[in-house]
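Here are some exercises to work through with the structure open beside you. Try each task yourself before reading its solution.

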Amino acid sequence: MIDLTAAVLPADPNVHAAYVRALERLPANLPGHGYEPEGLEELREAVAQSYRRRGLATSPGQILITHGAHNGLVHLLRLTVRPGVPVVFDHPTYPQAIDAILAAGGRPTPVALPDDGDGWDVDSLVSACRSSGAPMAYLVLDHNNPTGRMMRAPDRARLLAGLKGSETLLVLDETLVELTLSGPPALTASAVDAPRVVRLGSMSKSVWGGLRIGWIRADRAVIQRLAQSRASFDLGVPILEQLAAVKLLTDGGAALAARRPLLRARRDHLRAQLAQHLPDWSCPRPAGGLSLWVRLPAPISSALTAQAETEGLRLAAGPRFGIDGAFEQRLRLPYTLPESELQQAVERLARGVKALGRKSRQTTSTQSRTVLVY
Ligand SMILES: Cc1ncc(COP(=O)(O)O)c(C=O)c1O
């Protein structure tokens, strides 16, 4: 089975050495009780430093270490969202974020990403936040998952200006911010700040998902409230993982720099294969991120996903990235696997499309919301 439900790379080659170094440093931490509800001071300083390098003045007191960005979102939802209140988000977006909003009882308030072009409809975002009085907007502006698109700096400035003085907490999920493959880096464009902007960071896509290390960057007062409210849910992140993360962060992402050309090659290979085998599919080239957001010639995403499973290919159907059955004419295809596997995946896709053509298209099956997608 080739699995295309995950847009993630295997571990950065430095992860093992970072754990060895962390084990060597562990004894110095053992005399303490080991509970660090905000995270180890030295990791919070390493994360703060990474923001300062981007031009965002940040102190360790503005950082809360979490079990990944998703866990950070869950903590923010618990703090700000009461059942029935609207939560604004880009549509499409990261599926587990929608699930978390639903689980918190939030009322999903999607704002469509324009179908043509690769920007955002900033006016609609601002008016959705203002007219609904949403306490939170969750946005993935830096290589949005699944589209890969990145909001340009002038649009960010317009968004922040439009929301000035509003009640909406703007939660920017920067999990993919380091994954620019062409054009101006998202890291630079995203260096705009304002009160009520909260950032979610993660090492999952840039280093390894198995670390389960992420963070929240916010005003000190918000971090203090989060540290208190998280305690009814979890009591912090393991010390060993935090020590390994310090090492990986202070090493400065050399491995990621080496991986960008590899990802570029895989992205271009996947597009070339699709152009050859499925020429009526439209596959825009994303400037970054880890997947293509493909437009299908007909609304067959769920049916094709079910068919592909029988061909040995696991997919996340387009509707998984939205609500109310949207995106039946879309499919997310990650380009994180080696080229030979991507080639086989496209061959299986093409076989799936052919087999589907022989059947009645009415056999649309809907993929359950419980399918995990990364
Ligand atoms: C936009 C986005 N946010 C969050 C996550 C989950 O990140 P983490 O592993 O840090 O919890 C993912 C994983 O796919 C993602 O794409």
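**Exercise 1: Unusual backbone spots**

Arg 212 sits in the loop that runs between strand S7 (197–202) and S8. Keep in mind that this is a predicted model.

Task: Compare the backbone and the burial of Arg 212 with those of His 143.

Solution:
- Step 1. Start with the backbone of Arg 212: phi is near 55°, a positive value in a residue other than glycine.
- Step 2. Check the cover: Arg 212 has a relative accessible area of 37%, so it is partly exposed.
- Step 3. Move to His 143, which lies in the loop between S5 and H6. Its phi is near 60°, again positive in a residue other than glycine.
- Step 4. His 143 has a relative accessible area of 1% and is therefore buried.
- Step 5. Recall the background: most residues other than glycine have a negative phi, and most peptide bonds are trans.

**Exercise 2: Two proline bonds**

Task: Find the kind of peptide bond that leads from His 91 into Pro 92, then examine the bond between Asn 145 and Pro 146.

Solution:
- Step 1. From His 91 to Pro 92, omega is near 15°, and the bond is cis.
- Step 2. Pro 92 belongs to the loop between S3 and helix H4 (95–103).
- Step 3. Between Asn 145 and Pro 146, omega is about 25°, and this bond is cis too.
- Step 4. Pro 146 is placed in the loop between S5 and H6.

**Exercise 3: Around the ligand**

Task: Describe what surrounds the ligand and which polar atoms meet its oxygen atoms.

Solution:
- Step 1. Count the shell: 14 residues surround the ligand, and the closest are Ala 69, Asn 145, Asp 173, Ser 202 and Ser 204.
- Step 2. Sort the shell residues: five are nonpolar, six polar and three charged.
- Step 3. Look for the main contributor: helix H3 (residues 68–80) gives the most to this shell, with three residues.
- Step 4. Find the polar partners. A ligand oxygen is 3.0 Å from a polar backbone atom of His 70. In the side chain of Ser 202, an N or O atom is 2.6 Å from a ligand oxygen, and the side chain of Ser 204 likewise has an N or O atom 2.6 Å from an oxygen of the ligand.
- Step 5. Consider the cover: taken alone the ligand exposes 400 Å², and the protein buries 96% of that.

**Exercise 4: The two sides of a helix**

Task: Work out how the buried residues of H5 are arranged around its axis.

Solution:
- Step 1. List the buried residues of H5 (residues 122–132): Val 122, Leu 125, Val 126, Ala 128 and Cys 129.
- Step 2. Look down the axis of H5: the buried residues fall within an arc of 160°, so they line one face of the helix.
- Step 3. Remember the helix geometry: an α-helix has 3.6 residues a turn, so residues three or four places apart point the same way.
- Step 4. Turn to the other side of H5, where Asp 123 and Ser 131 are exposed.
- Step 5. See what covers the buried residues of H5: the cover includes strand S3 (86–91), strand S4 (107–112), strand S5 (136–139) and helix H6 (153–162).

**Exercise 5: A covered arginine**

Task: Is Arg 217 buried or exposed, and which backbone oxygen lies 3.1 Å from a polar atom of its side chain?

Solution:
- Step 1. Locate Arg 217 in strand S8 (residues 214–217).
- Step 2. Its relative accessible area is 2%, so Arg 217 is buried.
- Step 3. The backbone oxygen in question belongs to Ala 57.
- Step 4. Arg 217 also touches other residues, including Tyr 51, Gln 62 and Asp 193.

Terms used:
Residues are numbered from 1 along each chain as its sequence is written. This is a predicted model: local features need pLDDT of at least 70, side-chain atom pairs count only at pLDDT 80 or more; totals for chains, interfaces and linings use all residues. Side-chain values use heavy atoms; hydrogens and water are left out. A residue is near a molecule or strand if one of its heavy atoms lies within 4 Å of it. A polar contact is a pair of N or O atoms within 3.5 Å; within protein, one must be able to donate a hydrogen and the other to accept it, and residues adjacent in sequence count only if both atoms are side-chain atoms. Accessible areas come from the Shrake-Rupley method with a 1.4 Å probe; for residues, only the protein chains shown count as cover. Helices (H or I, at least four residues) and strands (E, at least two) are DSSP runs, numbered from the N terminus. Ala, Val, Leu, Ile, Met, Phe, Trp, Tyr, Cys and Pro count as nonpolar, Asp, Glu, Lys and Arg as charged, and the others, Gly among them, as polar. Buried means under 20% relative accessible area, exposed over 50%, partly exposed in between (1.4 Å probe, protein chains only). The arc is that of the directions from the helix axis to the C-beta atoms. Contact means heavy atoms within 4.5 Å.
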